[in-house]
Structure formats: C-alpha cells, structure tokens
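Please walk me through this protein model step by step, in a way that someone in the first year of study can follow. I would like to understand one of its helices, one of its buried residues and its pockets.

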Amino acid sequence: MVAEEGVRRLRALGFSDVDAAALWAQFDEAERRGKPSHGHGRIPWLEGLEGFDPSAQPRLVEDEPEFQRWLGNGAVGYVVLRRVAEAQLASPPEHARLVVCDRTFPTGMLGHYTRKLAEGGLVALLTSTSPPRLAHPGGGPKLASTSPVSLAIPSSGGDPVVADVSMSAATWGDVVVGLASEEDVVPFGGDRSYKAFALAIGLQLFVDSLVRESGHGAVLLVARPQSDPVPALRRLAGTVRLPGDPK
C-alpha cells in the first residue's frame, strides 16, 4: 500500500487530514521496522472496527505537575497516545510524570510513541492493555492481554535505544494480518513461559489499578534523564544491533 491510498482510506473513515497523515506515518513506520502486525494491514482492520469516533479527540481531565489523566473520549487509541506524547514534549515534567490514559484502544506499536519522546530528550516507559489473550501456560481461562511494553532512552548521539516487546509469542496483530493463528498467542519462552505470563499479569494489573473508566487503557511514565548512558553502551556493543535500531 502506498501513502496516497492509505491516507485516502483513513480520510474516508472520517479522520481529519492531520490524524489520517499521523496514522499513516505510524503504520508505515511499523512496516519499515519489520512489524507488519502494526503496519498497513491495520487500515482494513480499522475499516471493520466499531466503537470509535474518528472525529473525537481525547480530553485532559486531570493535570498536575507530576500526574495527568487523559480520557479517550471515543477517539481511537492511536490518536489518544499521539496527543499525549505531543503534550509531554510541549510541556515536559520538571523531574517525572505519570500519565494514565482511560479508554485508550487500540494503541499499536508502542515504540512509535516512546521513540518520539526519547528523540525529544525524555526517558519513557509505556504499557497498555487490550482484550484478554493470554492464559497460564498450564491452561485455564485467558487472564491478561498480550501486555506490550516499550522503554526508550534518549542519547546525546541522537540514536535512542527503544525496546518494544509483547509478552506473547505471537501478537494479536499477527493474527489480524494473517501471520499467526489464535493458538500462537501464548506467553513466550517455551518451558520458561511462566516468566512472560508473570510479566503479563503484572502489567495488566498495573494498568487496571490506575484507570478509572471501564475498557482498556495505557500508562506512560516520562522523566528527564540525569545521565547519558546510551553512547557508552553503543561503544561497548560495537556492531551488535541494539533494540530499536534499523535492521
């Protein structure tokens, strides 16, 4: 899919020119970074998704120096998190800020947002929830979402380290675009998959304990760095590819 078609289809869904262009940029970045589960295939998926208003905009409902709460307000989660990230860059915390996002789904490639924050000079940690997909490795009901989490660390060299992982062997996005089956959506790690399951449960409850509205949400932590560890790590790593680097 090319940009002209992608933006046109997003505009046809009712997104503004700005939101359609931003959505395309995120989906196209995912494709370029080898994550088609969050790439162009998300456009036909959105075309069949119900329960969001393409013209809606999120609302900042609590605003303190070290805490913010945003309400999705019917907007798709991609739009919510973009607006949240832009707000942090426009008004960074003095030290650190916790941001809770109620009714924020779907959120897509979390590294898209944390990378922008790191490029703007902020340390960022972001996690989000979605419908329960993961059961205990030993069986039983599905208890947690795939529990993605992204951490991004800025660098004076301009090349932040951006880790973006899910606790699942295959993401639901892989199922959406036909790269995996629902049976593949299990905690990763083989005979050590209980570790991924533990992280999934912890991240799920972390978000659930902070949101107030029913539905899925996201939690972001942003902070001003106090040191610059990435350049030294890159020198030590040599030719080793670090998380978030181009393939």
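**One helix, one residue and two pockets**

In this predicted model, helix 8 spans residues 230-237, and the residues Val-230, Pro-231, Arg-234 and Ala-237 in it are buried. Looking down the axis of helix 8, one finds its buried residues within an arc of 125°, so they line one face of the helix. A general rule helps in reading such a pattern: an α-helix has 3.6 residues a turn, so residues three or four places apart point the same way. On the face of helix 8 that is turned away from the buried side sit Arg-235 and Leu-236, which are exposed. The cover over the buried residues of helix 8 includes strand 7 (149-153) and strand 8 (161-165). After helix 8 comes Gly-238, which has a positive phi, near 65°.

We can now turn to a single residue in another helix. Arg-115 belongs to helix 5, which runs over residues 110-119. Is Arg-115 buried or exposed? Its relative accessible area is 11%, and because buried means under 20%, Arg-115 counts as buried. Leaving aside residues up to four places away in sequence, Arg-115 touches Glu-29, Arg-33, Ala-152, Pro-160, Val-162 and Gly-244.

The next topic is empty space. Rolling a probe the size of a water molecule over the atoms shows where empty space is left. The largest pocket holds about 460 Å³ of space. Its lining is made of 29 residues, and those closest to the centre of the pocket are His-38, Gly-108, Thr-146, Pro-148 and Thr-171. At least two residues of this lining come from each of helix 3 (42-47), strand 8 and helix 6 (172-176), and helix 6 gives the most, with four residues. By type, the lining of the largest pocket divides into twelve nonpolar, twelve polar and five charged residues.

The second largest pocket contains about 310 Å³ of space. It is lined by 17 residues, and nearest its centre lie Arg-33, Lys-35, Arg-241, Gly-244 and Asp-245. Helix 2 (17-32), helix 5 and strand 8 are the elements that give two or more residues to the lining of this second pocket, and helix 5 gives the most, with three residues. The lining of the second largest pocket divides into four nonpolar, four polar and nine charged residues. Two names here were met earlier, since Arg-33 and Gly-244 are also among the residues that Arg-115 touches.

Conventions:
Residues numbered from 1 in each chain as written. Predicted model: local features only at pLDDT ≥ 70, side-chain atom pairs only at ≥ 80, totals over all residues. Heavy atoms only, no water. Buried < 20%, exposed > 50% of the residue type's maximum accessible area, 1.4 Å probe, protein only. Arc of directions from axis to C-beta. Contact = heavy atoms within 4.5 Å. 1 Å grid on protein atoms, 1.4 Å probe; cavity = no way out; pocket = protein on both sides within 12 Å on 5 of 7 lines; lining within 4 Å. Points joined across faces, edges and corners; volume = space filled by probe spheres on them. Nonpolar A, V, L, I, M, F, W, Y, C, P; charged D, E, K, R; others polar.
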